[in-house]
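Dear colleague,

I am passing on the structure we discussed, with the sequence and coordinates placed just below. My notes on what was found follow after them.

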Amino acid sequence: MRCSIVTDLASGDTIIIDGGAEADRIISWVDDFSGSGPDWSNGPRDQQGLESLGISERNIVALVNTHAHFDHSGEIPILLTRYPVSWYLHADDFHLQTLVQASGRRWGFELPEPAIADKLLTDEMELTLGSLKFKILHTPGHTLGGCCILLEVEDGPDHLFAGDTLFAGSVGRTDLPNSGGDFELLFNSVVTKLWPLDADTVVYPGHGPTTTIGVERETNPFVGTNSAAFGRFQ
Ligand SMILES: [Zn+2]
Ligand SMILES: [Zn+2]
């Protein structure tokens with residue numbers, strides 16, 4: 001499962017996307033620059049690197065979730081204890097969030113009492129968190145409340161935190177219990193919300209390697225413009 005940590009290097013303002021597992025590892029990386037952080041980090045891994053930019057620490061301003069499956073959200077309460085900030089989730093995943101302990105137990109994980117999101121994600125909202133700005137795309141299909149989080153960058157490719165909506169060469173499962181998964185819904189979410197994005201947009205899926213919108217639009221066997229589904233549903 002991918003947790004993404006986004007820092008504005010000008011201010012230190014930082015959000016954690018899908019901080020649902022290995023909360024202790026996330027906290028030690030954010031606070032103490034110790035342990036291993038995200039595999040695709042392009043920011044300073046050590047405090048000296050951050051200080052050379054004129055900031056001394058990462059300042060967590062919010063937690064945001066693409067969806068409420070337990071591996072993406074189960075340990076949010078631990079992060080909220082350390083960082084008493086707002087937690088954003090789409091309302092259509094609130095019910096799923098209440099079930100994380102039971103879902104985790106099926107896979108052998110003991111999780112704390114589920115967190116309750118105090119802020120709502122809604123489709124097309126512009127989300128300003130400290131000095132960071134995002135656009136939210138509601139992309140149901142893997143879960144009812146699934147969202148992709150778009151970071152628009154002026155002098156480089158945009159970045160899309162896609163949760164389990166879109167993977168490199170695949171898509172999220174639509175058969176998981178209590179999730180409201182539906183392949184046609186997922187297909188329509190991807191085609192209408194993601195394919196219009198710039199081809200060079202870097203995609204950070206909830207699992208597996210990164211990819212780009214352009215590559216997936218051309219080659220994804222489930223939802224790409226050359227896929228069988230594209231001919232069937234379009
Ligand atoms: Zn999921
Ligand atoms: Zn997942």
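**The first hairpin and its sheet**

Val-6 stands opposite Ile-15, a residue of strand β2. Please bear in mind, as you read on, that this is a predicted model.

The pairing around these residues is antiparallel: strand β1, covering residues 4–7, and strand β2, covering residues 13–17, are joined over four bridges. Elsewhere in the pair, Ser-4 has Ile-17 of β2 opposite it. Between β1 and β2, which together form a hairpin, there are five residues, and in this turn Gly-12 has a positive phi of about 85 degrees.

The sheet to which the hairpin belongs is open and has five strands, arranged in the order β1-β2-β3-β4-β5 with mixed pairing. Because β1 and β5 (119–121) stand at the edges and each has a single partner strand, one side of each is left without a neighbour in the sheet. On average, and with direction ignored, neighbouring strands of this sheet are turned by 25 degrees against each other.

Turning to the nonpolar core, the largest one has 50 residues, and those with the most contacts inside it are Ile-15, Cys-148, Ile-149 and Leu-160. Ile-15 is thus both the partner opposite Val-6 and one of these core residues. Leu-160, when residues up to four places away in sequence are not counted, touches Cys-148, Leu-150, Leu-197, Thr-201, Val-202, Val-203, Tyr-204 and Ile-213.

Best regards

Technical notes:
Residues numbered from 1 in each chain as written. Chains lettered and ligands numbered in written order. Predicted model: local features only at pLDDT ≥ 70, side-chain atom pairs only at ≥ 80, totals over all residues. Pairing = 2+ DSSP bridges. Helix = DSSP H or I, 4+ residues; strand = E, 2+ residues; numbered from the N terminus. Core = buried A, V, L, I, M, F, W, Y, C linked by C-beta atoms within 7 Å. Buried ≥ 20, exposed ≤ 12 C-beta atoms within 10 Å, placed from the backbone. Contact = placed C-beta atoms within 7 Å. Axes fitted to C-alpha atoms, helices over the stretch in contact; angles between N-to-C directions.
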